[in-house]
Amino acid sequence: MVVAVTVMRKANVVVRDLSALEALGGVTNICSDKTGTLTEGAMIVRQAWIPSSHVYTVHDSQNPSDPTKGRVVYTQSKDETPQEPVEEKTRDFDKERSAAVLKFDVPDEKLNISSSKQPQSPEPETKMTDELRAFLLSSALCNLATVRFDQEEEKWQTTGEPTEIALQVFAHRFNHGKKTLEGEGWRQVAEFPFDSSIKRMSVIYNAPEAQGSFIAGSDNSIVFTKGAVERILDMCAFAGIGESQQPMTDELKESVLGQMNALASQGQRVLAVAYRPWEGRFTSKQSSSSSAEEDDKLRSTVEQNLVLLGLAGIYDPPRRETKPSIAECSQAGIKVHMLTGDHPETAKAIAKEVGIIPRNLNILPESVAASVVVKATEFDKMTDAEIDALEELPLVIARCAPDTKTRMIEALRRRGAFMAMTGDGVNDAPSLSRADVGIAMGSGSDVAKSAAKIVLTDDKFNSIVAAIREGRRMFDNIQKFVLHLLTSNVGEVILLVAGLGFVDDMGFSVFPVSPLQIIWINMATSSFPAFGLGREAAAQEVMRKLPQDKKRGVFTNQIIVDMIVYGILMGACTLCTFCIIIYGANGGNLGYDCNTKFSDACIPVFRARAATFALLTWLILISAWEFKSLRRSMFRLNPNDDSFFPFFRDIYSNRFLFWSVIVGSLSVFPVVYIPFLNTRFFKHTGISWEWALSVGFTLVFVTGIELWKLAKRRFRLLEDGAVQRGHWGQGGPEDDGPRFKRTFSMSSFKTWVSFSRRETGDSVMMRATTQPRVAHVPVQV
Ligand SMILES: Nc1ncnc2c1ncn2[C@@H]1O[C@H](COP(=O)(O)OP(=O)(O)OP(=O)(O)O)[C@@H](O)[C@H]1O
Ligand code: NA
């Protein structure tokens, strides 16, 4: 256990409660945040759309905190509906987007080489307009993030929320950072903070003399607001400023929403930026109201009749490690759900990129496809019965509120799932404590951390998967430990109970092994190998099998049957040894009072005891080596290892176990031979030819275990359930196109051929119901 915790520290996981790590090994579903966990959490404004004016696109920016990197170009939109230019962009952007994931860590020199080779874009460089200026003012001022160039470290430093940093950096590109503006005399008079349940934020500023006049009268304060598009849009009465200002009609709303969808479906988080001139000066008396209720009332009077200034598309690339980790979960029979505060389109696009949902939802059966991505409001509206009636729970829940997380936990629990839930916010605490395993982010709030059992110091999704692997390893090792302990106990009990039948002339039962021998074996020799088993490395297939059944715990059928089979085998071997020496070689001479005293009459019994003791010790020790794997041969623990005799390397890989078995085996000799100690205390004496029996029966025992394991493998006895990947495996290969272009090999070609054959199947439903690509991953073959 202690070993486990230190290992996990290295993997950036802090375990506050050890049982949580073991529990994690049994997780069947993970509900993960998106921002920072599945994605980098480093956001860049990629596109800004200004109503009936321009689309600004940021190119070639690899460093999210450096406003000097990359260039901004704009596209003039003549039409009322600015749909077209953006669609033109889409292709170009898509290229960039997939590249962005790879580019983040590449040193700048290399990037410059590659970008300078690209043909220069024909688009004009940006020039400042009033519309853009208003947009930047609101983005920079309604913002708590800071961006500054650190002279000492010679790099750009940022503080604050990634979303706000992105906007602040964007404003800095035009020299409109908050610092600069406040230097020019912009003064904040009130703030209505961001809250993830209302998903917006507002501030009120007084403009310096004459500066604000292009958007508000010079004696007026100005309200700046930003937030989720659907919410802000409903509070807007106008769009645009100056001559191009239009009243917010349903039609215009539709067009703005269309615009938002275009950005969101590229995986961008879209924020609406708005403002409003406040009649006269907003005084601090108005802002320092006493009760929360009055605060809310004031807030709703402030946040109305807004003017939409534009949309910002902010991109947060998925972490490189996310998709492979999700694939690993899928192979391990674990489902990954994404619960995000973002818009459904954004959520969907990112979910596709990381493999939580297939790129082509049509490969799912219709009944499932309909509820793969849902909005929290829809989910919240459903009754428990309706949720339980769903064929599968949603994989993506968008615009998620803290309550939605709690409902999802309950829905999962009703389906018998054992779930892990991540969270970072203050109001995530209830769901974190209610989940079977709550996982908080190192960067998150202290409230979340204290409600969770596990904290990820690096926020990364793949650290969760590493912790699950560790939990499963621990569980497996506990199983091996328990099997080792119980097998020796069953063997000893059989030997001792059968020994009651060895009755001497006085009518006493002669012990086949003495009490001190048993104590010695249990305490001195077999405890070290048992600890050694606890240190076993994870088996290769540890993430290729179903999560353990929480109700069964360690005692699976396999463990119970193994324990009986091996225990009987151990009992039989030791009994035979004792019997052969007493009845075969000494005509059944059980001596006289041999349980208590050494005499010449007791020599046969004492010699038989020594051989039985040695054998029992060795069987228990060698069984520890055998239990390194429950199903694989001790002589070939790794099926992919093609060396002729990997035994010693495999056995030596766990040093502690190796040496405890070796030293334990050798300890038999002094115990048998040291005079006085042997006859007086252990009630046995030195032997000669009898050693052959001990060695011989050790070989019989090993053969017996190997045969039983072979039978288990051959006839697939007592297998753990195989992982069924169902309609589609998460994190799997792309499902919309041939893969063999990238890595051409015979096998990938074959898979591709079999795909395309299936793709020509009659209908989507056909494909879905005829079990498309069910990957049966056999466990421990
Ligand atoms: N600083 C902010 N100011 C205004 N609106 C914001 C801000 N941050 C986020 N939003 C809006 O609120 C929505 C949800 O944000 P929230 O912080 O709840 O999600 P998140 O927790 O960051 O996302 P995830 O759940 O994926 O980790 C965003 O999509 C955006 O529209
Ligand atoms: Na979050």
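Start by selecting Asp384, Asp388, Arg407 and Arg414: salt bridges join these residues into a network. Keep in mind as you look around that this is a predicted model.

Now zoom in on one pair from that group, aspartate 384 and arginine 407. Their side chains meet in a salt bridge, with N to O at 2.8 Å. Colour by secondary structure and you'll see that this pair links distant parts of the chain: aspartate 384 belongs to helix H16 (residues 384-389) and arginine 407 to helix H17, 23 residues apart. Switch on a surface and check aspartate 384, which is partly exposed with a relative accessible area of 38%.

Stay on helix H17 and pick lysine 405 next, along with aspartate 33. These two form a salt bridge too, their closest N and O atoms being 3.1 Å apart. Helix H17 (residues 402-414) carries the lysine, while aspartate 33 sits in the loop between strand S2 (29-32) and strand S3 (44-49), so this contact ties together parts that are 372 residues apart in sequence. Is this pair buried or exposed? Lysine 405 and aspartate 33 are both buried, so you may want to hide the surface here, since buried means under 20% relative accessible area.

For the next stop, select aspartate 66 and lysine 69. Here the side chains meet in another salt bridge, 3.7 Å from N to O. Compare the two ends: aspartate 66 counts as buried at 6% relative accessibility, whereas lysine 69 is partly exposed, its relative accessible area being 27%.

Want to keep going? The structure holds 31 salt bridges, including the ones on this tour between lysine 405 and aspartate 33 and between aspartate 66 and lysine 69.

Definitions and conventions: Residues are numbered from 1 along each chain as its sequence is written. Chains are lettered from A and ligands numbered from 1 in the order in which they are written. This is a predicted model: local features need pLDDT of at least 70, side-chain atom pairs count only at pLDDT 80 or more; totals for chains, interfaces and linings use all residues. Side-chain values use heavy atoms; hydrogens and water are left out. A salt bridge is a side-chain nitrogen of Lys or Arg within 4 Å of a carboxyl oxygen of Asp or Glu. Helices (H or I, at least four residues) and strands (E, at least two) are DSSP runs, numbered from the N terminus. Buried means under 20% relative accessible area, exposed over 50%, partly exposed in between (1.4 Å probe, protein chains only).
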